[in-house]
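Biologist: I have a model on my screen and a list of labels I want justified. Can we take them one at a time?

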Amino acid sequence: MGKLPMKTTVFSSLALLFIFVAGAVRIYAEEVERPMILQFMIGEMVISNDDPRVSDGDYNVILFGVAAQKPLYGKISQIGIETGGLFNWKSETRAFAASNGGGGGTIAISADINQFIFDYFFGGYVSLQPFKWFRLYAGAGPLLIYGSRETDEKDPATSQVESKSDSGFSAGVYGRAGIDIIIAEKFIIGADIRGTQTGLSFDDTVGNVDVEGWQYFGVISFRF
């Protein structure tokens, strides 16, 4: 469970957004009524296996979550804070093939996998609502993530089963951006893209599975 190096400068730039928001809020916060937005999110991410010998070794993961955005300054353009949590629970049986090293052949791999992931994020955001029915926003900050994974691997040749378990906790950063279509004053639908960088990974049947990357969401929101 080692901390992975940053792959791009994107997340560093987004982290600076959080610092900017915190400073701006201290300077400009006013006692003005600004409704909070509560978001219900469902989306997908692909968790990649880092071993090139594995065929179809990536995992499609469905994520569910809730987030809240509280504006602290502004009207058409706003600055505020946000927080939320996302989780995944998945149980599946997978069968795929991997090349057998320098032998040139392949080995069959079958595994029953139970996986749980939860991440809590908190940061700052900026938004722009140029029209009454349309809003753009972007947010960034740190996150905390926990995951556990239990795997029962079966050798098709002998039917022998080997059980493995792995779990871990890590800090990381996130950045996200979204669009909202405001159907009514208190009801909003939208879409969201979110990128994460963490140090959480699992030992897979072949290679490692790194729990980070891009996530895509559909969002239903309520303003109150």
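Biologist: Which residue in β7 stands opposite V173?

Modeller: Q197 does. One caution before we go on: this is a predicted model.

Biologist: What makes β6 and β7 a pair of strands?

Modeller: The cut-off is at least two bridges between the strands. β6 and β7 have 12, in the antiparallel sense, so they count as paired. They also form a hairpin, with 2 residues between them.

Biologist: How do you know that β5 and β6 pair?

Modeller: By the bridge count again. Strand β5 (residues 134–154) is joined to β6 by 21 bridges. At least two are needed, so the label holds. The strands run antiparallel. In one of the facing positions, A140 stands opposite G175 of β6.

Biologist: What are the pairings of β10?

Modeller: With β1 (residues 37–47), β10 shares 9 bridges. With β7, β10 shares 10. Both pairings are antiparallel. On the β1 side, M41 has V219 as its bridge partner. On the β7 side, T196 stands opposite G213.

Biologist: Now charges. Why is the contact between R176 and E82 called a salt bridge?

Modeller: The limit is 4 Å between a side-chain nitrogen of Lys or Arg and a carboxyl oxygen of Asp or Glu. Here the closest N and O atoms are 2.8 Å apart. That is within the limit, so the contact is a salt bridge. The pair links distant parts of the chain: R176 is in strand β6 (residues 161–184) and E82 in strand β3 (residues 77–99), 94 residues apart.

Biologist: Why are R176 and E82 called buried?

Modeller: Buried means under 20% relative accessible area. R176 has 3%. E82 also has 3%. Both values fall under the cut-off, so both residues count as buried. R176 and E82 also belong to a network of salt bridges with D192.

Biologist: What makes R194 and D119 a salt bridge?

Modeller: Their side chains meet at 2.9 Å, N to O. The limit is 4 Å, so the pair qualifies.

Biologist: Where in the chain do R194 and D119 sit, and are they buried or exposed?

Modeller: R194 is in strand β7 (residues 187–198) and D119 in strand β4 (residues 106–131), 75 residues apart. Both are buried.

Biologist: How do you know that R223 and E185 form a salt bridge?

Modeller: The N to O distance is 3.9 Å. The cut-off is within 4 Å, so the pair counts. R223 is in strand β10 (residues 213–223), and E185 is in the loop between β6 and β7, 38 residues away.

Biologist: Which of R223 and E185 is buried, and which is exposed?

Modeller: R223 has 12% relative accessibility, so R223 counts as buried. E185 has 52%. Exposed means over 50%, so E185 counts as exposed.

Biologist: How many salt bridges are there in the whole structure?

Modeller: The search finds 6.

Biologist: What do you know about S170?

Modeller: S170 is in strand β6. At 9% relative accessibility, S170 counts as buried.

Biologist: What lies 3.1 Å from a polar atom of its side chain?

Modeller: The backbone nitrogen of G199.

Biologist: On to the spaces. Which residues are closest to the centre of the largest pocket?

Modeller: K75, Q78, Q129, E185 and R223, out of 19 lining residues. The space is about 420 Å³. β4 gives the most to the lining, with 3 residues. By class, the lining has 8 nonpolar, 4 polar and 7 charged residues.

Biologist: What makes a space a cavity and not a pocket?

Modeller: In a cavity, a 1.4 Å probe fits but cannot get out. The search finds 2 cavities of 30 Å³ or more. The largest has a volume of about 80 Å³. Its lining includes D119, T196 and M45. That lining has 7 nonpolar, 3 polar and 2 charged residues.

Biologist: What lines the second largest cavity?

Modeller: Y59, N60, V61, K90, E92, I113, Q115 and R149. The volume of the second largest cavity is about 50 Å³. β2 gives the largest share of its lining, 3 residues.

How values were computed: Residues numbered from 1 in each chain as written. Predicted model: local features only at pLDDT ≥ 70, side-chain atom pairs only at ≥ 80, totals over all residues. Heavy atoms only, no water. Helix = DSSP H or I, 4+ residues; strand = E, 2+ residues; numbered from the N terminus. Buried < 20%, exposed > 50% of the residue type's maximum accessible area, 1.4 Å probe, protein only. 1 Å grid on protein atoms, 1.4 Å probe; cavity = no way out; pocket = protein on both sides within 12 Å on 5 of 7 lines; lining within 4 Å. Points joined across faces, edges and corners; volume = space filled by probe spheres on them. Nonpolar A, V, L, I, M, F, W, Y, C, P; charged D, E, K, R; others polar. Polar contact = N/O pair within 3.5 Å; in protein donor to acceptor, adjacent residues only side chain to side chain.
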